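Thanks for coming. I have one structure to go through today, and I will keep it short.

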Amino acid sequence: MQSVISSIEERMKKTVASLKDGFASLRTGRASAALFDKIRVDYYGEKSPLSQVANISVPEARLIVIQPWDKNLIGEIEKAILSSELSLNPSNDGKVIRISIPPLTEQRRKELVKLAKSQAEQSRVSVRNIRRDGNDELKKLLKDSGITEDDESKGSAELQKLTDNYIEQLNKILEEKEKEIMEV
């Protein structure tokens with residue numbers, strides 16, 4: 001029974017981590033190197049993550065500086081940023097790429113909050129589905145005489161506590177992201 005609960009908890013942790021990763025790439029009005037986590041650059045025929053071919057720094061709240069380790073990559077990096085869904089306009093001086101992050105409009109902020117809420121709801125549904133899988137495993141163990149009815153009901157109660165805990169964590173993460181998006 002404990003192995004079922006620990007494997008279910010592990011899956012719930014991964015769901016929370018996945019939401020955090022998804023939120024990291026959601027653009028807020030603030031500059032963040034995490035915005036570029038999903039950008040891939042054509043590096044001698046290989047699609048490499050931007051962070052592996054350049055140094056990404058945030059010297060100011062609304063400025064990002066990208067310094068490629070190989071100066072020949074500037075054009076490729078610029079092309080990758082322009083073709084991404086970030087809607088940013090990079091400018092380069094031959095050595096570094098500078099990207100100023102424009103403040104978000106009120107309408108865009110609301111769209112981002114809606115998107116964040118949608119991602120959080122998908123994560124909550126995922127956690128509930130994981131709980132259901134755990135309950136199914138416990139019922140199967142009960143049917144196969146691997147555990148008693150008391151163990152099954154204790155396991156179900158423990159799974160419910162885990163579910164409540166992880167849904168609360170997801171809600172807190174969403175709340176923080178909403179504040180971050182809506183601040184001017």
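Before I name any helix: a helix here is a DSSP run of H or I with at least four residues, and the helices are numbered from the N terminus. Keep in mind that this is a predicted model.

Let me start with threonine 15, which sits in helix 1. Is threonine 15 buried or exposed? Its relative accessibility is 10%, and the cut-off for buried is under 20%, so threonine 15 counts as buried. Setting aside neighbours within four places in sequence, threonine 15 is in contact with Ser123, Ser126, Val127 and Ile130.

Now to how helix 1 sits against helix 4. Helix 1 covers residues 2-24, and its axis comes within 11 Å of the axis of helix 4, with a crossing angle of roughly 10°. Helix 1 is therefore roughly parallel to helix 4. On the helix 1 side, the contact includes Ile5, Ile8, Met12, Val16, Leu19 and Phe23. Among the helix 4 residues in that contact are Leu159, Leu162, Tyr166, Leu170, Ile173 and Leu174. By class, the residues of this contact divide into 12 nonpolar, 4 polar and 5 charged.

Helix 4 also packs with helix 3. Their axes are 10 Å apart, at an angle of about 170°. Angles over 145 degrees count as roughly antiparallel, and helix 3 and helix 4 are therefore roughly antiparallel to each other. Their contact has 14 nonpolar, 8 polar and 10 charged residues.

What lies between helix 3 and helix 4 along the chain? A loop, and isoleucine 147 is found in it, with helix 3 spanning 106-143 and helix 4 spanning 149-182. With a relative accessibility of 11%, isoleucine 147 counts as buried. Beyond its neighbours within four places in sequence, isoleucine 147 is in contact with Met1, Leu138, Leu141, Leu142 and Glu152. For a sense of distance, take isoleucine 77, which is 70 residues away from isoleucine 147 along the chain: the two C-alpha atoms are separated by 57 Å.

Last item, the pockets. The largest pocket has a volume of about 380 Å³. Which residues lie nearest its centre? They are Ser25, Leu35, Lys38, Glu85 and Leu86, out of 17 that line the pocket. Helix 3 gives the largest share of that lining, with 4 residues. By class, the lining has 7 nonpolar, 5 polar and 5 charged residues.

That is what I have.

Note on methods
Residues are numbered from 1 along each chain as its sequence is written. This is a predicted model: local features need pLDDT of at least 70, side-chain atom pairs count only at pLDDT 80 or more; totals for chains, interfaces and linings use all residues. Side-chain values use heavy atoms; hydrogens and water are left out. Helices (H or I, at least four residues) and strands (E, at least two) are DSSP runs, numbered from the N terminus. Buried means under 20% relative accessible area, exposed over 50%, partly exposed in between (1.4 Å probe, protein chains only). Contact means heavy atoms within 4.5 Å. Axes are lines fitted to C-alpha atoms, for helices over the stretch in contact, and angles run from 0 to 180 degrees between N-to-C directions. Angles under 35 degrees count as roughly parallel, over 145 as roughly antiparallel, 65 to 115 as roughly perpendicular and the rest as oblique. Ala, Val, Leu, Ile, Met, Phe, Trp, Tyr, Cys and Pro count as nonpolar, Asp, Glu, Lys and Arg as charged, and the others, Gly among them, as polar. On a 1 Å grid over the protein atoms alone, a cavity is a set of points where a 1.4 Å probe fits but cannot get out, and a pocket is an open set with protein on both sides within 12 Å along at least five of seven lines; lining residues have an atom within 4 Å of a point. Grid points are joined across faces, edges and corners, and a volume is the space filled by probe spheres set on the points.
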